[in-house]
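Here are some exercises for you to work through with the sequence and the 3D view side by side. Try each task on your own before you read its solution.

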Amino acid sequence: MSSWRNLLLRLGEKCPEYAGNADFKDQIEACFSVVRREIEHSGDDVYPFLIQCAEQLPHKIPLYGTLIGLLNLENEEFVRKLVENAQINLQDALETGQCNKIRILMRFLTVLMCSKVIQPSALVVVFESLLSSAATTVDEEKGIPSWQARADFYITCILSCLPWGGAELVEQVPEEIERVMVGVEAYLSIRRRVSDAGVSVFEDIEETNNAVNEKDFLEDLWSRVQDLSNREWKLDSVPRPHLSFEAQLVSGKSHDLSPVSCPAQPGPPGVLSGIAFGRQKHEAELKYPQRIRRLNIFPSNKIEDLQPIDRFVVEEYLLDVLFFLNGCRKECAAYMVGLPVPFRYEYLMAETIFSQLLLLPQPPFRPTYYTLVIIDLCKALPGAFPAVIAGAVRALFDKIADLDMECRTRLILWFSHHLSNFQFIWPWQEWAYVLDLPKWAPQRVFVQEVLEREVRLSYWDKIKQSVENAPALEELLPPKGLPQFKYSAEDGTDPTERALSLELKDMVKGRKTAREMISWVEENVFPAHGFDITLGVVVQTLLDIGSKSFTHLITVLERYGQVIAKMCTDDDQQVKLITEVSSYWQNNAQMTAIAIDRMMSYRLISNLAIVRWVFSSLNVDRFHISDSPWEILRNAVSKTYNRISDLRKEISSLERSVVLAEGAASRARQELESAESKLSIIDGEPVLGENPVRIKRLKSYAEKAKEEEVSVRESLEAKEALLARAVDEIEALFLSLYKSFLTALAEPLHDASRDGTLRPSGHADDMTIDLEDSSVMELDKDDETPKKSHPNGSRERNGYNLDEKQQWCLTTLGYLKAFTRQYASEIWQHIEKLDAEVLTEDIHPLVRKAIYCGLRRPLDE
């Protein structure tokens, strides 16, 4: 990479490119002298790269803005092109709904205004364009209030620019910026407050929405900006390098901005039905999602005394780095620990990362990415960050009972993965008290599930060794994971069945074909022993042959899956098949899930059969004490949903291919017709048509183009037919899933709920703490964890105070909400059927609330 590119990329860093000098002023001057010379030779390469740096390293935007201001003094034409390009990029981002690009480019333009590159009034015009669009959108008569998410995003973009340029705007165009602020306040007065119901990390399914008076994200940002305004726009978190060059920059020419236009409203205004409104609202929230939902998991004294706006700015820095450097984890960690702020922010950094890891309905990136970032941060800050992460784990563990079920699963997966990178070291003795809690207590289940996942990532003896400091926790370790083969020599099974199993093994060793095995089953086994014994012999034996490894299992299923498919043709038989699989792998939840998932992939098991098995009596009683049945159900629903998603992507691609094929065929046909219509002179005589050889070639091209068009159309029709069947399949799956939830919850909810809640009676009394026992809440000064406490979220009575049925209901309702939220996009497509067959008037209020929360649908609809 050329030196000027390196200088631009490393601007603001203590690095060899700047001889280790970390002073912003010196770095900007050094970079300016090099870039200025480079512009003379390759200016058209410099400004796109400079804009790209600003877009993808946005925490350095003040530095790039100052550099551009200095370049503006030397080369106004170069900077004019740069400003035009930035404006074009912003317009494209608005049209395509690229949220991060819109937000960053608006910040970039604001900083350019601070460096006298852009006229302040031109920036205000951009603000007013977004403000006008937002106000129109939420207008009940002229707009489409269901798209408030887009309007809120536009206002957030305006407000988030002010920490970077509010002082300059107030100084230079006070009346115009005041007009914008009044407009924002007016917008806030007419919009609907956004509830976090359904997407809150900590939320009790049975509680009423007691957050109705709390500020939502936009109102909170507005209050932070007002606080900044009251402090005369002074803040510590935004560097202002342009002030060091103010005497020079003031003489530069300020460029104008072409006006930007917001995209048209997505549909005609009008009164929508509740379902249509909900669908549009869901679509808008997917396209313009809220960027962060703060966790606030640490005590206030753990985070330095930051001004409200400083917290927002540091969160913006961290989220930007996480977003733009997601493919470079080490660079990401390096930038996160080197933000341009004069205060420490390790606790805020941990909270921000966990807010993304646990973000609902889904995190911006795969959870593994955040795991790797946390690992790299622990290595980059070995003296500080590991203790912060440990504190975050303890804080989340204390609140685990109120953690959303999906977030709980993510936390388990993250924590086990994290520990696997640090030799599984953890002070388990702190949590040894969970053995005194009931087996269904969330904290006990959490420890149990973490240990089970650790065994998957290592091996049983290693994990047993890791809990030596709390040997009693060995009780929560899973079994050793060996298969339970029904027909092993040591078992006291029927000799005839064992003989059949041995014969089947010999057939596999003899490389008999699936057809020969089917004939053997149909002629020798099934007539004499019936379906159940035949199924047990075949499935257990084949699983035992494939038990050595995942590859062995795949080989067996590929070679002899037809035998199982021939035997299990309906859901009842497939449920028995799954029962045999779970019996064989009863000591290994991972292999049970893998085997069932592979069988579903080979169409040996249907998703409906899996739903029936999960909600059978074998599993229902384990819903609150094990993640195993839920893992299998998640895999089944996810696989069905992914099939539809893949088909839709393929259809979208084929539709584009059809358009291209139509165009190619049309051009080939026109070229042929044009050639045939021309007069040519052959042997001195005029003849209609060009050279016959060329005509023949053009006919061949036209025929091939037409055949290609027909082929693509046929492929599109075939995929559309597959999609239609897949849509019917997932509709049947969701109906079966919800009806199974309703059936399972009906009796327990009737018995466990009191006055429409699942709170135990006398809850206020149960929450009291014996103040005389001061040691209960005494903190260890080293790690500030309780020396002696049995917290379990908000439900504690020196330990735990929910009975088993209440916890079962809470857990099952939590999973119902999680499934609904995860697949809300698809469920909204079938909501009429769901309303008619599931969400009937006699449905339990807590079930309705769980489903409505997952869909973010108002309960009073």
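**Exercise 1: Cysteines and disulfides**

Cys 53 is buried, with a relative accessible area of 3%; buried means under 20% relative accessible area, exposed over 50% and partly exposed in between, with a 1.4 Å probe and protein chains only. Before going on, note that this is a predicted model, in which local features need pLDDT of at least 70, side-chain atom pairs count only at pLDDT 80 or more, and totals for chains, interfaces and linings use all residues. Residues are numbered from 1 along each chain as its sequence is written, and side-chain values use heavy atoms, with hydrogens and water left out.

Task: Find out how many disulfides the count comes to.

Solution:
- Step 1. A disulfide is a covalent bond between the sulfur atoms of two cysteines. The rule here asks for a pair of cysteine sulfur atoms within 2.5 Å.
- Step 2. For Cys 53, the closest cysteine sulfur belongs to Cys 31 and is 8.8 Å away, too far for a bond.
- Step 3. Now take Cys 114, which is buried at 3% relative accessibility. The closest cysteine sulfur, in Cys 161, is 10 Å from its own, so this is too far for a bond as well.
- Step 4. By this rule, the count is zero disulfides.

**Exercise 2: The span of a helix**

Task: Check whether the span of helix H6 (residues 120–138) agrees with its number of residues.

Solution:
- Step 1. Helices (H or I, at least four residues) and strands (E, at least two) are DSSP runs, numbered from the N terminus.
- Step 2. The expected span is 1.5 Å times one less than the number of residues.
- Step 3. With 19 residues, H6 should span 27 Å; its end C-alpha atoms are 28 Å apart, which agrees.
- Step 4. Next, look at the surroundings. Buried residues of H6 include Leu 123, Phe 127 and Leu 131. The buried residues of H6 pack against helices H4 (76–96), H5 (99–114), H7 (148–172) and H8 (174–190), where contact means heavy atoms within 4.5 Å.

**Exercise 3: Aromatic pairs**

Task: Classify the pair formed by Phe 323 and Phe 365 as stacked, edge-to-face or tilted.

Solution:
- Step 1. Rings of Phe, Tyr and Trp (its six-membered ring) pair if their centres lie within 6.5 Å; planes under 30 degrees apart count as stacked, over 60 as edge-to-face and the rest as tilted. The whole structure holds 35 aromatic pairs.
- Step 2. The centres of Phe 323 and Phe 365 are 5.9 Å apart and the planes lie at 45°, so this pair is tilted.
- Step 3. Phe 323 is in helix H12 (308–324), while Phe 365 is in the loop between helix H14 (346–357) and helix H15 (367–380), so the pair ties together parts 42 residues apart in sequence.
- Step 4. Phe 323 is partly exposed, at 31% relative accessibility.

**Exercise 4: The setting of Ser 237**

Task: Describe where Ser 237 lies and what it touches.

Solution:
- Step 1. Ser 237 is in the loop between helix H9 (217–230) and helix H10 (246–249).
- Step 2. Its relative accessibility is 0%, so Ser 237 counts as buried.
- Step 3. Beyond four places away in sequence, Ser 237 touches several residues, among them Asp 310, Tyr 317 and Phe 343.
- Step 4. The side chains of Ser 237 and Asp 310 are joined by a polar contact of 2.6 Å. A polar contact is a pair of N or O atoms within 3.5 Å; within protein, one must be able to donate a hydrogen and the other to accept it, and residues adjacent in sequence count only if both atoms are side-chain atoms.
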